[in-house]
Amino acid sequence: MAFYDIVLFMSPEAVAAGGKVTLVGGKYVVEKAAATTIQAVKGARPPKDDSALVVQLQGQIATLSEQVAALEAAYAVCQQQLADCQAGHAPDVTPPIIAISAPTSGAVVAGQLNVQAVASDAVGVDRVELFANGVLVGTLTAAPFDLLVDTTTLPEGTAVLGAKAYDAAGNYASATAVVVQVANIKPKPTISNFTATPSALPVGGGSVTFNATVVGADTVKLNGVDVTLPVTMLVQ
Ligand SMILES: [Ca+2]
């Protein structure tokens, strides 16, 4: 039995053209690249086991995939630059300008929060990405760059809002982060200093004024007051 080492030869041009190797049903499938880019070298020492060879090849495939992704991104930028040149103007090398206009740092927020960004670019803004605590929460491709963010999905306390703007040439800029306080859980209100004036019901009828200090409530509703009548008042 002869053994072969499988050697991958894939030129940068082949990779740029979308050439890749994938493992399908135990067989390696070559896409968009000449078959000669994979060679089997006879006479090599046998691999210790097939699984090691598979792992080695999968590692090479993963590396090639990363290279393809990087080349595709670079190719897209080159295409845009070429289009700029063909259109008769210089390539766009200036990043956009972006800022978060709402909310402002230090704001206490709850529920649905309208995050608003303002972005501009000399050529054009391609898209705006909005982040909450570093996690992408939305991508907007046209102004206004506003997005409702459900703050109940965020931890209570400090939250950092961020935004990035891109132009078609791949230039990008980040907005100054906005730090807000998420407060969806409201503490129970406290009541103190309850007084009634006068402290006893007036004989023959009249009004009593109640006062109290309530902290931590948006609204105060008087549900009822238990009144204990003095014995003397009952006798009368
Ligand atoms: Ca630009």
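Reader: Happy to start with a single residue: where is Pro 95 found?

Author: Pro 95 is found in the loop between helix H2 (50-86) and E5. Helices (H or I, at least four residues) and strands (E, at least two) are DSSP runs, numbered from the N terminus. Two notes on the model will help. Residues are numbered from 1 along each chain as its sequence is written. The model is predicted, so local features need pLDDT of at least 70 and side-chain atom pairs count only at pLDDT 80 or more, while totals for chains, interfaces and linings use all residues.

Reader: Thanks! How do I read burial, and why does Pro 95 count as partly exposed?

Author: A residue is buried if 20 or more other C-beta atoms, placed from the backbone, lie within 10 Å of its own; 12 or fewer make it exposed, and anything in between is partly exposed. Pro 95 counts as partly exposed because it has 18 C-beta neighbours inside 10 Å.

Reader: Which residues is Pro 95 in contact with, leaving aside its neighbours within four places in sequence?

Author: Contact means that two C-beta atoms, placed from the backbone, lie within 7 Å. For Pro 95, the residues in contact are Asp 167, Asn 171, Tyr 172 and Ala 173, leaving aside neighbours within four places in sequence. Tyr 172 is 77 residues apart from Pro 95 along the chain, yet their C-alpha atoms are separated by 5.0 Å.

Reader: Now the whole chain: how many helices and strands are there?

Author: The protein chain has three helices and 15 strands. Of its 236 residues, 14% are buried. Among contacts between residues at least 6 apart in sequence, 62% join residues at least 24 apart.

Reader: Which strands form the open sheet, and in what order?

Author: The general idea comes before the case. Strands of a sheet pair through backbone hydrogen bonds, in either the parallel or the antiparallel sense. Here two strands count as paired if DSSP finds at least two bridges between them. Three strands form an open sheet in the order E5-E7-E10, with antiparallel pairing. E5 and E10 are the edge strands, each pairing on one side only. On average, neighbouring strands of this sheet are turned by 25 degrees against each other, direction ignored. That angle uses axes, which are lines fitted to C-alpha atoms (for helices, over the stretch in contact); angles run from 0 to 180 degrees between N-to-C directions. E7 and E10 run antiparallel and are joined by six bridges, and Ala 117 stands opposite Phe 145 in E10.

Reader: Which residues touch the most other members of the largest nonpolar core?

Author: A nonpolar core is a set of buried Ala, Val, Leu, Ile, Met, Phe, Trp, Tyr and Cys residues joined through C-beta atoms within 7 Å. The largest one has 21 residues, of which Ile 98, Ile 100, Ala 117, Ala 119, Val 128, Ala 163 and Ala 165 touch the most other members. At least two residues of this core come from each of strand E5 (97-102), strand E7 (112-120), strand E8 (125-132), strand E10 (145-150), E11 and E13. Take Ala 163: leaving aside neighbours within four places in sequence, its contacts include Ile 98, Ile 100, Ala 117 and Val 128.

Reader: Along strand E13, which side chains are buried and which are not?

Author: In strand E13 (residues 178-182) the side chains alternate. Val 178, Val 180 and Val 182 point to one face and are buried, while Val 179 and Gln 181 point to the other and are not. Strand E6 (residues 108-109) pairs with E13 in the parallel sense over two bridges, and Val 108 has Gln 181 as its bridge partner. Strand E11 (residues 157-167) runs antiparallel to E13 with five bridges, and Gly 157 stands opposite Val 182.

Reader: Why does strand E15 lie largely in the open?

Author: Strand E15 (residues 209-215) lies largely in the open because zero of its seven residues are buried. Six bridges join E15 to strand E14 (residues 190-197), and the two run antiparallel. Thr 190 stands opposite Val 215 in this pair.

Reader: Last one: which residues does a cis peptide bond join, with omega about 0 degrees?

Author: Those are Ala 143 and Pro 144, with Pro 144 in the loop between strand E9 (135-140) and E10. The peptide bond from Ala 102 to Pro 103 is also cis, with omega near -5 degrees, and Pro 103 sits in the loop between E5 and E6. For another backbone detail, look at Asn 133: its phi is positive, about 55 degrees, although it is not a glycine. Asn 133 has its place in the loop between E8 and E9.
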